[in-house]
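The following exercises introduce a protein structure to a reader who has not met it before. Each task is followed by a solution that proceeds step by step.

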Amino acid sequence: MQPFTATVIKIIKEIPEGKVMSYGQIATYAGSPRGARQVVRILHSMSHKYSLPWHRVVNKVGEIKISDGHQADRQKELLEREGVFFIRDHQVDMSRSQYDRA
């Protein structure tokens, strides 16, 4: 496993219930500020294998951007159960729910 991949997995596992991080935020903390798409790939291919809380990762403005409508609704439902705040149907209130690892 590449060091970046291992770091991304570690960061995602650290996101607490009720909080979210963006793909770009995770990439930056993992040492590759332009690696947001790599984070997407890692989530897509390794969420199940490493029991990642995939639902706690959104885009930079807090939007759920899964193309499968059923999965997008599932992500929103999981986040709402954890107490994540939404400002629109599929957009998290990042000012209230974003996790800052620093």
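The exercises below concern a predicted model, and they move from the whole chain to helices, a loop residue and salt bridges.

**Exercise 1. The chain as a whole**

Task: Determine which elements make up the protein chain, and check its radius of gyration against that of a compact globule.

Solution.
Step 1. The secondary structure consists of five helices and four strands. Read from the N terminus, the order of these elements is α-β-α-α-β-α-β-β-α.
Step 2. For 102 residues, a compact globule would have a radius of gyration near 13 Å. The protein chain has 13 Å, so the value agrees with that expectation.
Step 3. Taken along the principal axes, the box filled by the C-alpha atoms is roughly 35 × 30 × 20 Å.
Step 4. Of the 102 residues, 42% count as buried. The accessible surface comes to about 6100 Å², and carbon and sulfur atoms account for 48% of it.
Step 5. Consider the contacts between residues at least 6 apart in sequence: 58% of these join residues at least 24 apart.

**Exercise 2. Helix α1**

Task: Test the length of helix α1 against the expected span, and find where its buried residues lie.

Solution.
Step 1. Helix α1 covers residues 3-14, which is 12 residues. At 1.5 Å a residue the helix should span 16 Å. Its end C-alpha atoms are 17 Å apart, which agrees.
Step 2. The buried residues of α1 are Phe4, Thr5, Val8, Ile9, Ile11 and Ile12.
Step 3. Viewed down the axis of α1, these buried residues fall within an arc of 165°, and therefore they line one face of the helix.
Step 4. The elements against which the buried residues of α1 pack are β1 (21-22), α2 (23-29), α3 and β2.

**Exercise 3. Helix α3**

Task: Identify the buried side of α3, what covers it, and the exposed residues on the face turned away from it.

Solution.
Step 1. Val39, Ile42, Leu43 and Met46 are buried in α3.
Step 2. These residues cover an arc of only 100° around the axis, which puts them on the same side of α3.
Step 3. The cover over the buried residues of α3 includes α1, α2 and β2.
Step 4. On the face turned away from the buried side, α3 carries the exposed residues Arg37 and His44.

**Exercise 4. A residue in a loop**

Task: Decide whether Ser47 is buried or exposed, and name the residues it touches.

Solution.
Step 1. Ser47 is found in the loop between α3 and β2.
Step 2. The relative accessible area of Ser47 is 13%. Buried means under 20%, so Ser47 is buried.
Step 3. Leaving aside residues up to four places away in sequence, Ser47 touches Ile42, Leu52 and Trp54. Ile42 is one of the buried residues of α3.
Step 4. Ser47 and Glu14 are 33 residues apart along the chain, and their C-alpha atoms are separated by 14 Å.

**Exercise 5. Salt bridges**

Task: Describe where the partners of the salt bridges of Arg56 and Lys76 lie.

Solution.
Step 1. Side chains of opposite charge can pair when their charged atoms come close. In the whole structure, seven salt bridges are found.
Step 2. Arg56 forms a salt bridge with Glu82, with the closest N and O atoms 2.8 Å apart. This pair links distant parts of the chain, 26 residues apart: Arg56 is in the loop between α3 (36-46) and β2 (57-58), and Glu82 is in the loop between α4 (69-81) and β3 (86-88). Arg56 has 9% relative accessibility and counts as buried.
Step 3. Glu80 and Lys76 form another salt bridge, at 3.8 Å between the closest N and O atoms. Both residues lie in helix α4, four residues apart, or about one turn of the helix. Glu80 is partly exposed at 43% relative accessible area, whereas Lys76 is buried at 15%.
Step 4. Lys76 also meets Asp89 in a salt bridge, at 3.0 Å from N to O. Lys76 lies in helix α4 and Asp89 in the loop between β3 and β4 (91-92), so this pair ties together parts that are 13 residues apart in sequence.
Step 5. Salt bridges with shared partners also join Arg74, Glu77 and Arg81 into one network.

Note on methods
Residues numbered from 1 in each chain as written. Predicted model: local features only at pLDDT ≥ 70, side-chain atom pairs only at ≥ 80, totals over all residues. Heavy atoms only, no water. Salt bridge = Lys/Arg side-chain N within 4 Å of Asp/Glu carboxyl O. Helix = DSSP H or I, 4+ residues; strand = E, 2+ residues; numbered from the N terminus. Buried < 20%, exposed > 50% of the residue type's maximum accessible area, 1.4 Å probe, protein only. Expected span 1.5 Å × (residues − 1). Arc of directions from axis to C-beta. Contact = heavy atoms within 4.5 Å. Rg over C-alpha atoms; globule rule 2.2 N^0.38 Å. Areas by Shrake-Rupley, 256 points an atom, 1.4 Å probe, with all protein chains shown as cover.
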